[in-house]
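Hi everyone, thanks for coming. I'd like to walk you through a structure that is new to most of you, so please have a look at it on the screen first.

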Amino acid sequence: MSAPEEPPAAGATAYEAAPTSRARRFWSARRVPAAVTAALALAVTGPLLYDVASVRAGRHALAWRVRLAGQLSTRQLRDQWVLIGAGVAVLLGLWLIVLALTPGVRGVLRMRQVAAPVRAGLDRTAAAGVVRQRVLSVPGVFAARATVTRRRIKVRAHSHFRDLDEVRGDLDAALAETLGDLGLAGTPLVTLSLRRTGRR
């Protein structure tokens with residue numbers, strides 16, 4: 001027999017963390033895009049350079065290059081295939097520019113930089129696990145879920161005994177302490193949702 005469910009007590013609290021030095025985000029190595037770009041460049045320029053060198057050596061140009069030169073000399077700029085090829089090249093170029101200008105590593109949270117040469121990061125899944133364990137350690141809480149993003153920590157907790165105001169006070173203290181222990185460079189907004197639910 002479960003206790004009647006009460007409306008959740010929810011709120012958003014910006015817990016204060018210790019003063020931190022400015023820590024930059026981690027940048028992805030972009031190995032896959034770099035490998036794809038290098039492979040495409042090699043596939044396009046390799047045969048072309050080989051054929052140019054072959055012609056310089058006194059041999060005839062390959063048939064594919066002769067046909068390509070003929071197509072490029074006869075097709076106009078408003079031709080459908082020329083526009084499609086130009087559109088694809090533009091999209092690939094914009095994609096490479098976006099990859100070059102954005103960090104890309106979204107699963108790692110920046111931590112406080114204690115020593116200048118040393119940079120530390122914390123996986124968001126690991127941070128969510130720590131927050132969840134701290135919430136479950138509060139008396140009266142028997143179920144909890146934590147979600148950690150770059151700027152926000154969302155916690156949903158279920159209590160089956162004790163007064164909700166008391167549980168919420170203990171949760172606020174636990175979350176504030178946990179936020180300090182995580183050592184994050186920024187101060188995320190912590191949203192806590194507490195609900196009364198009886199054990200089944």
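Let me begin with a term: a residue is buried when its relative accessible area is under 20%, exposed when that is over 50%, and partly exposed in between, using a 1.4 Å probe and protein chains only. Take Val55 as a first example: its relative accessibility is 34%, so Val55 counts as partly exposed. Val55 sits in helix α1, residues 31–56. Leaving aside residues up to four places away in sequence, Val55 touches His60, Ala61 and Arg65, where contact means heavy atoms within 4.5 Å.

A word on where this comes from. This is a predicted model, in which local features need pLDDT of at least 70 and side-chain atom pairs count only at pLDDT 80 or more, while totals for chains, interfaces and linings use all residues. Residues are numbered from 1 along each chain as its sequence is written, and side-chain values use heavy atoms, with hydrogens and water left out.

Now the overall layout. The protein has 5 helices and 6 strands; these are DSSP runs numbered from the N terminus, with helices being H or I of at least four residues and strands being E of at least two. Going along the sequence, you meet them in the pattern β-α-α-α-β-β-α-β-β-α-β. Of the 200 residues, 22% count as buried. Among contacts with a separation of 6 or more, 66% are between residues 24 or more positions apart.

Next, the inside. A nonpolar core here is a set of buried Ala, Val, Leu, Ile, Met, Phe, Trp, Tyr and Cys residues joined through side-chain atoms within 4.5 Å. Which members of the largest nonpolar core touch the most other members? Of its 25 residues, they are Val131, Val135, Val141, Ile153, Val155, Leu171 and Leu175. At least two residues of this core come from each of α4, β4 (141–148), β5 (152–159), α5 and β6 (189–196). Helix α5 gives the most, with 7 residues. For a closer view, pick Val135: not counting residues up to four places away in sequence, Val135 touches Val141, Ala144, Val155, Ala157, Leu171 and Leu175.

On to the empty spaces. On a 1 Å grid over the protein atoms alone, a cavity is a set of points where a 1.4 Å probe fits but cannot get out, and a pocket is an open set with protein on both sides within 12 Å along at least five of seven lines; lining residues have an atom within 4 Å of a point. Grid points are joined across faces, edges and corners, and a volume is the space filled by probe spheres set on the points.

There are 2 cavities of 30 Å³ or more, and the largest has a volume of about 50 Å³. Its lining is made of Val131, Ile153, Leu175, Thr178, Leu179, Leu182 and Val190. Helix α5 gives the most to that lining, with 4 residues. By class, the lining has 6 nonpolar, 1 polar and no charged residues; Ala, Val, Leu, Ile, Met, Phe, Trp, Tyr, Cys and Pro count as nonpolar, Asp, Glu, Lys and Arg as charged, and the others, Gly among them, as polar.

The largest pocket holds about 250 Å³ of space. It is lined by 15 residues, and closest to its centre are Leu109, Arg110, Arg150, Arg151 and Gly186. Strand β2, residues 108–110, supplies the largest share of this lining, 3 residues. The pocket lining divides into 7 nonpolar, 3 polar and 5 charged residues.

Last topic: salt bridges, meaning a side-chain nitrogen of Lys or Arg within 4 Å of a carboxyl oxygen of Asp or Glu. How many are there by this rule? The count comes to 3. One of them joins Arg134 and Asp181, at 3.0 Å from N to O. Arg134 lies in helix α4 (residues 124–136) and Asp181 in helix α5 (residues 164–182), so this pair ties together parts that are 47 residues apart in sequence. Arg134 is partly exposed at 28%, and Asp181 is partly exposed at 49%.

Then look at Arg162, which pairs with Glu166 at 3.8 Å between the closest N and O atoms and with Asp170 at 2.8 Å. Together, Arg162, Glu166 and Asp170 are linked in a network of salt bridges. Arg162 is partly exposed at 25%, Glu166 at 45% and Asp170 at 32%.

That's my tour; thanks for listening!
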